[in-house]
Amino acid sequence: MMPKRTTDKKANVSSEGPAARWILFAILSLLFGTSYLFNRVAVETYSPVFVTAARTAIAAVALLAFTTATSIRLPWRTDILAGMLALGLVGNALPFAFVSYGVSVVPSGIAGLIMATAPLATIALAHAFVPDEKASAWRIAGIFVGLVGIVILMRPEFNTGGNAGVTEQNSAWLGHLSLVAAAICYGANPVIAARMNDCPPLIAGTGATVCAAIVLLPFGLWTWPDSFGPVWDRAILSILALGLLSTAAAAYVYFKLVDIGGPVFLSLINFPIPLIAIIAGVLVLNEPFGWTTAIAMVVILVALGLTEYGREKS
């Protein structure tokens, strides 16, 4: 998840046409929405910690190569580096690890649906910690409706089919809670990024990814697999896709879309991502899609709709 300057403030929008905005919107939706599928496939073979470390390292190398090729230099001021480290931990290292563990025990589509609640966490945290970002009644209502959607998804009979033992049910609960923790981390990311107003977003995102890669390096070495499959193995390809597409390429598209579409337009991306995650999980991994998922999806999308309505009203 990429850092934002603020949670709701409007930015200068490029004069490029609406077609370019919607094309980038569709690309970014696919990049984010399919990341849960790639994560699920990767953790079937490798540990969640290794997948997290490998994904972040690949993305860091790709983003550094891009910024170097485009003559973008990372700043070396202590305060900015400290902000990048905080963003790297809260916006990359921790949520990536939480998601990788979560999808090891929870269907990837459900993971994408839970992660769609990250903007609700942003609203709650901004309301508590940012003086100029007090939430309206509509947005607070959206937060509570979103919590209802998460509770629906965490029903034990859905997680385990109602016939599993205590150990499997506990594992499913931990997976869901891990995903909720990841959503909270992503929700905190814009609040932290708002304190870095003098650092261009792409530089902040690159620096944060590099910091996360450095922090995760010893954990990646600690969980280094005894052997690897061929480069065309689907787990290896999924890790590469996570690093190059879901993280590095998504960062570039994200900031380009902020530039030409603005943050309000970009906020609409929270709606298609869970739908893409669920569709990808059903079609590629044959994951279940029942009434519980459908009801929870509608509830969470209503919650996001309430927060968007509250934004327009405020």
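## Thr247 and its backbone partner

Let's start with Thr247, which is buried, at a relative accessible area of just 1%. This residue sits in helix α11. A polar atom of the Thr247 side chain lies 2.8 Å from the backbone oxygen of Leu242. Keep in mind that the model is a predicted one.

Leu245 is also part of helix α11, but its relative accessibility is 40%, so it counts as partly exposed rather than buried.

## The nonpolar patch

Leu245 has company at the surface. Together with Val231, Trp232, Leu237, Leu240 and Leu244, Leu245 makes a nonpolar surface patch of about 600 Å².

## One salt bridge

How many salt bridges does a search of the whole structure find? The count is 1. The partners are Arg234 and Glu44, whose side chains meet at 2.8 Å, N to O. This pair links distant parts of the chain, with the two positions 190 residues apart. Arg234 belongs to helix α11, which runs over residues 234-266, while Glu44 is in the loop between α2 (35-43) and α3 (48-69).

Are the two partners buried or exposed? Neither label fits, because the cut-offs are under 20% for buried and over 50% for exposed. Arg234 has a relative accessible area of 47% and is partly exposed. Glu44 comes out at 46%, which is partly exposed too.

## Aromatic pairs

A search of the whole structure turns up 7 aromatic pairs. One of them joins Phe50 and Phe228, with ring centres 5.8 Å apart and planes at 50°, so this pair is tilted. Phe50 lies in helix α3 and Phe228 in the loop between α10 (201-222) and α11, so the pair ties together parts that are 178 residues apart in sequence. The two rings differ in cover: Phe50 is buried, with a relative accessible area of 6%, whereas Phe228 is partly exposed at 38%.

Phe228 also pairs with Trp224. That pair is edge-to-face, with 5.4 Å from centre to centre and 75° between the planes. Which residues make up the aromatic cluster here? Tyr46, Phe50, Trp224 and Phe228 form one cluster.

## The overall picture

Stepping back, the protein chain has 13 helices and 0 strands. Its pattern along the sequence is α-α-α-α-α-α-α-α-α-α-α-α-α. Of the 314 residues in the protein chain, 51% are buried.

## Two helices up close

Helix α1 covers residues 18-33, 16 residues in total. From the first C-alpha of α1 to the last is 22 Å, close to the 22 Å expected at 1.5 Å a residue. The buried residues in α1 include Leu24, Phe25, Leu28 and Ser29, and Leu31, Phe32 and Gly33 are buried as well.

Helix α6 has 12 residues, from 118 to 129. The span of α6 is 16 Å, again measured against an expectation of 16 Å at 1.5 Å a residue, and close to it. Which residues of α6 are buried? The list is Ala118, Pro119, Leu120, Ala121, Thr122, Ile123 and Ala126.

## A long-range neighbour for Ile152

Ile152 lies in helix α7, which spans residues 137-153. With a relative accessibility of 19%, Ile152 counts as buried, because the cut-off for that label is under 20%. How far apart in space are Ile152 and Ile295? Their C-alpha atoms are 8.0 Å apart, although 143 residues separate them in sequence.

## An unusual phi at Asn286

Asn286 has a positive phi of about 55°, and it is not a glycine. Why point that out? Most residues other than glycine have a negative phi. Asn286 is found in the loop between α12 (272-285) and α13 (291-313). At 65% relative accessibility, Asn286 counts as exposed.

Definitions and conventions: Residues numbered from 1 in each chain as written. Predicted model: local features only at pLDDT ≥ 70, side-chain atom pairs only at ≥ 80, totals over all residues. Heavy atoms only, no water. Salt bridge = Lys/Arg side-chain N within 4 Å of Asp/Glu carboxyl O. Helix = DSSP H or I, 4+ residues; strand = E, 2+ residues; numbered from the N terminus. Buried < 20%, exposed > 50% of the residue type's maximum accessible area, 1.4 Å probe, protein only. Patch = residues over 30% accessible without salt bridge, like charges linked within 9 Å, V, L, I, M, F, W, Y side chains within 5 Å. Areas by Shrake-Rupley, 256 points an atom, 1.4 Å probe, with all protein chains shown as cover. Expected span 1.5 Å × (residues − 1). Polar contact = N/O pair within 3.5 Å; in protein donor to acceptor, adjacent residues only side chain to side chain. Phe/Tyr/Trp six-rings, centres within 6.5 Å; stacked < 30°, edge-to-face > 60°.
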